[in-house]
Amino acid sequence: MKKLSLRTRVLTGAVAVAALGAGTFGAMSANASTPAAAPAAAVKADAANDNLQQTTHLTVAAATKAARATLDAAKKENQRVSVAVVDRNGNTVVTLRGDGAGPQSYDAAQKKAFTAVSWNAPTSELAKRLANAPTLKDIPGTLFLAGGAPVAAKGAPIAGIGVAGAPSGDLDEKFAQAGVASLAR
């Protein structure tokens, strides 16, 4: 590698210092400028003028309680499963992979929970609907296999519990229903 002359090194250093100084000056100038305009007056948002909708969501504690109850039900029958609890929007609140559960069970449990809450129906029932609407299975993030159960409040879905890993979907769904039942206690 060729050694740079003193003049080249000094010039390179000066350019670097100038660039750094310009950036600092620009940042200080931007911060010292006039403050941004005050936000527009807030729009009144209340239930009386239909601008808000109240929804019900499980707390993390309730979702964890349901997930634990689900794993406990599976453990009583010597089944190694994973369980996922999702909120009304399909966002995962809690996922537990039981001891010895297969690696595929984690993702499958989440998809079953998402599917159950999306249609507010057990996934075993939804799987039966595929005969009349086979393209349902093409919806991203869904899994139309037994093992998902919706959680409802006042007739509306608020969460979904999905279980995967047992040798049959019927067992998975039985354990998911145990999680739903634990929320009533």
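Two strands are taken to pair if DSSP finds at least two bridges between them, and I begin there because the sheet rests on that definition. With that in hand, let me turn to the model, which is a predicted one.

In this model valine 86 stands opposite threonine 92 in β2, and the strands concerned, β1 with residues 82–87 and β2, run antiparallel and are joined by five bridges. Helix α2 packs on the sheet, where it touches β1, β2 and β4, and its direction makes about 30 degrees with that of β2. Helix α3, residues 103–119, also packs on the sheet, touching β1, β2, β3 and β4, with a direction about 155 degrees from that of β4.

Let me step back to the whole chain. The protein chain has five helices and four strands, and from the N terminus on its elements run α-α-β-β-α-α-β-β-α. Of its 185 residues, 32% count as buried, and among contacts between residues at least 6 apart in sequence, 62% join residues at least 24 apart.

How are the four strands ordered in the open sheet? The order is β2-β1-β4-β3, and the pairing is antiparallel. The edge strands are β2 and β3, each of which pairs on one side only, and from one strand to the next the twist averages 15 degrees. As a general reminder, the strands of a sheet pair through backbone hydrogen bonds, either parallel or antiparallel.

At the other side of the strand order, β3, residues 148–153, is joined to β4, residues 156–164, by six bridges, and these two strands run antiparallel. Within this pair, glycine 148 stands opposite glycine 162 in β4. The hairpin that β3 and β4 form has two residues between the strands, and lysine 154 there takes a positive phi near 55 degrees.

That brings me to backbone angles. Most residues other than glycine have a negative phi, and so it is worth pausing on the exceptions. Lysine 154 has a positive phi of about 55 degrees although it is not a glycine, and its place is in the loop between β3 and β4. Is lysine 154 buried or exposed? Lysine 154 has a relative accessible area of 88%, and because the cut-off for exposed is over 50%, lysine 154 is exposed. Asparagine 78 likewise has a positive phi of about 55 degrees without being a glycine, and this residue sits in the loop between α2 and β1. With a relative accessible area of 70%, asparagine 78 is exposed.

For a contrasting environment, consider threonine 115, whose place is in helix α3. Its relative accessibility is 0%, so threonine 115 counts as buried. Which residues are in contact with threonine 115, leaving aside its neighbours within four places in sequence? They are Thr123, Leu126, Gly141, Thr142, Leu143 and Phe144.

Next, the C-terminal part of the chain and its relation to alanine 66. Alanine 181 lies in helix α5, residues 169–182, and at 38% relative accessibility it counts as partly exposed. From C-alpha to C-alpha, alanine 181 and alanine 66 are 8.1 Å apart in space, while in sequence they are 115 residues apart. Alanine 184 lies in the segment after α5, and since its relative accessibility is 72%, alanine 184 counts as exposed. Between the C-alpha atoms of alanine 184 and alanine 66 the separation is 9.9 Å, with their positions 118 residues apart along the chain.

Finally, the pocket. What is the volume of the largest pocket? The volume is about 280 Å³. The lining of this pocket consists of 13 residues, of which the closest to its centre are Leu71, Lys75, Gln79, Gly98 and Asp99. Two or more residues of the lining are given by each of α2, residues 60–76, and β2, residues 92–97, and the largest share, five residues, comes from α2. By chemical class, the lining of the largest pocket divides into four nonpolar, three polar and six charged residues.

To close, α2 is the element to keep in view, since α2 packs on the sheet against β1, β2 and β4, and α2 also gives the largest share of the lining of the largest pocket.

Key. Residues numbered from 1 in each chain as written. Predicted model: local features only at pLDDT ≥ 70, side-chain atom pairs only at ≥ 80, totals over all residues. Heavy atoms only, no water. Buried < 20%, exposed > 50% of the residue type's maximum accessible area, 1.4 Å probe, protein only. 1 Å grid on protein atoms, 1.4 Å probe; cavity = no way out; pocket = protein on both sides within 12 Å on 5 of 7 lines; lining within 4 Å. Points joined across faces, edges and corners; volume = space filled by probe spheres on them. Nonpolar A, V, L, I, M, F, W, Y, C, P; charged D, E, K, R; others polar. Axes fitted to C-alpha atoms, helices over the stretch in contact; angles between N-to-C directions. Contact = heavy atoms within 4.5 Å.
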